[in-house]
Amino acid sequence: MTNTTRIAVIGMGQGGMVAAIKLAQAGAKVTVFERNLEGKVGYPWRDDITASVFDVCGLPRPNQDVYIQKAKWLFVSPDEKGALRVPQFRPFVEISPNRRKLTEYFADLAVKAGATINYGVNVEKLVVEDDRVIGIELDGKLERFDLVIDATGMYSKLRGQLPEKFCVQKEPSEQDTMYAYRAFFEKNDGAETFFPDVDNTMVLRHMDRDGIGWCNLNDEGNVDVLLCNIARPLTDEEIEERLADLRKMNPILSEKKLSDRKVPLSVRAGIATPVADGYVALGDSAFMTIPVMGSGIEAGMQGAAIFADYVISNDVQNFTASNMWPFYVKYFEKLGKGFAFLDIVRRHALRFKSKYINWALSGKFVTDDTLKYIMLDGEDYRRPKYKFGMFSAILWKLIFNPSFNLAILKMAFEGIHASNVAGRIPKKYSLEAIAKWANKYDRLIANCEKKAERRPANKK
Ligand SMILES: Cc1cc2nc3c(=O)[nH]c(=O)nc-3n(C[C@H](O)[C@H](O)[C@H](O)COP(=O)(O)OP(=O)(O)OC[C@H]3O[C@@H](n4cnc5c(N)ncnc54)[C@H](O)[C@@H]3O)c2cc1C
């Protein structure tokens, strides 16, 4: 890669920035465009990731002023009677970075690598000539680039401007979106959390709706609330109703709101194809998220690193869809196949009757210790010793719940099928083969939705 290779990165999320850093380090002339002003990029809160993702992406880990240890979490059943502790890994295996500080950390690395960052620039138009993206339009003028990296998020306006022939999906569907309401409240003085010694409480299928509700005591001593719903944003009345319910179970949650925000998250498996001549989508723009909860920091970072490593090590100079495609095959092999499985699992799990989740979290099926045993590795000092009957008890209980079994089996079968279809991603770029495969892959997701029995409680 030479300094005559001009690359535009649109959007300063983690996906865009990991690509910007690595490509600038490799010698390309990288220009980043971000619509927000400096200091205002990224969400003003913390989210969770695995610390090792920096190593996986070949980047130094940030200093400890950027993150804290991930808090202890509790999963609570929809009837709010059962709960399981989420096993905690060794200290600092999972961390909660401050999103704005993380953005600043990436910006610093990018500038040190030679990239230029332009804040306060909203890029709304790609310039396409002879079916190739040749740059972007700024103030009515063409700014030429050899490659435009679209890292503007799941509702990218740029994707929709690509020539049809590249089969890049323009919009996510409603069912691929989790609509979140996140708010911060003052803590009630002297009040205790829902469960002793656990700061973060997440209710699954909160109030029997398609989504979760969490109420967490954060490191600043405030209460962090998240309410989610699939397919449509929550109305103000629903938000109030759900806040009132959280207040009943969480004495820490006061009425004094400090800030709030409604924001969509991508909860679907990777886009079928993210490349066009002169263009690639990375991060949420290519739906690079773990489709269960919409965790896209890590997946977006990894997707961007796979892209940058591929074009650098193969010395790609001409950024055609065909030359870039093998990166996406690698992404699918490493992550995309597994995410296709999780996508289907998430859609099935939403249809599970609340009574199943109540039962699963009641302590009669799995216990805190069983979960720890399954999730923590043998090296971890927190992993409990194997107890005779730990798993035979689960099997025994499953035998007597045939309808639960059937639901699980259907979910597993469809999930494995989706993962197999995703694994058959064409290895070589051919528009015909990709269109055929993309049709199959997207149909899996669409069909899973069609079969969904939407509960009246969640219909509007
Ligand atoms: C409430 C909530 C909780 C979450 N929790 C987690 C979590 O715990 N773990 C996790 O991994 N993920 C989490 N996520 C998801 C995560 O935030 C996203 O998946 C991730 O930020 C996507 O990164 P990205 O780089 O693709 O884009 P984004 O972070 O969405 O960044 C896109 C950037 O592009 C800019 N931009 C957009 N359009 C333009 C334009 N036209 N011109 C110029 N700039 C533009 C935006 O201003 C923004 O800075 C959460 C999201 C939300 C909303």
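Visitor: Leaving aside its neighbours within four places in sequence, which residues is Phe332 in contact with?
Guide: This is a predicted model, in which local features need pLDDT of at least 70, side-chain atom pairs count only at pLDDT 80 or more, and totals for chains, interfaces and linings use all residues. Residues are numbered from 1 along each chain as its sequence is written. Two residues are in contact if their C-beta atoms, placed from the backbone, lie within 7 Å. By that rule, and with those neighbours set aside, Phe332 touches Gly270, Lys337, Ala422 and Ile425.

Visitor: Does Phe332 count as buried or exposed?
Guide: Phe332 sits in helix α6, residues 321-351; helices here are DSSP runs of H or I with at least four residues, strands are E runs of at least two, and both are numbered from the N terminus. A residue is buried if 20 or more other C-beta atoms lie within 10 Å of its own, exposed if 12 or fewer, and partly exposed in between, with C-beta atoms placed from the backbone. Phe332 has 22 such neighbours inside 10 Å, so this residue counts as buried.

Visitor: And how far is Lys397 from Phe365, C-alpha to C-alpha?
Guide: Lys397 belongs to helix α9, residues 392-399, and with 15 C-beta neighbours inside 10 Å it counts as partly exposed. Beyond neighbours within four places in sequence, Lys397 is in contact with Lys364 and Phe365. Lys397 and Phe365 are 32 residues apart along the chain, yet their C-alpha atoms are separated by 6.8 Å.

Visitor: Which domains give residues to the largest nonpolar core?
Guide: A nonpolar core is a set of buried Ala, Val, Leu, Ile, Met, Phe, Trp, Tyr and Cys residues joined through C-beta atoms within 7 Å. The largest has 87 residues, and those touching the most other members are Val9, Ala19, Ala20, Ala110, Val148, Ile149 and Leu282. Helix α6 gives the most to this core, with 12 residues. The core lies between two domains, since residues come from both domain 1 (6-70 + 97-173 + 268-335) and domain 3 (347-458).

Visitor: How many residues does the other core have?
Guide: That core lies apart from the largest one, and Tyr181, Ile212, Leu217 and Cys228 are among its members. Its total is 20 residues.

Visitor: How far apart are the C-alpha centres of domain 2 and domain 3?
Guide: Domain bounds come from an automatic or database domain assignment, which gives 175-266 as domain 2 and 347-458 as domain 3. Their contact takes 7 residues from domain 2 and 6 residues from domain 3. Between the C-alpha centres of these domains the distance is 25 Å.

Visitor: How many of the residues of α1 are buried?
Guide: The end C-alpha atoms of α1 are 16 Å apart, which agrees with the 16 Å expected at 1.5 Å a residue (the expected span is 1.5 Å times one less than the number of residues). What covers its buried residues includes β1 (6-10), β2, α3 (99-112), β12 (147-150) and α5. Helix α1 is largely enclosed by the rest of the structure, because the buried count is 12 of the 12.

Visitor: Which residues are closest to the ligand?
Guide: Domain 1 and domain 2 each give at least three residues to the shell around the ligand. Elements supplying at least two residues each include α1 (14-25) and β13 (177-187). A residue counts as near a molecule or strand if its C-beta atom, placed from the backbone, lies within 6 Å of it. Of the 36 residues around the ligand, the closest are Gly11, Gly13, Gly283, Gly296 and Ile297.
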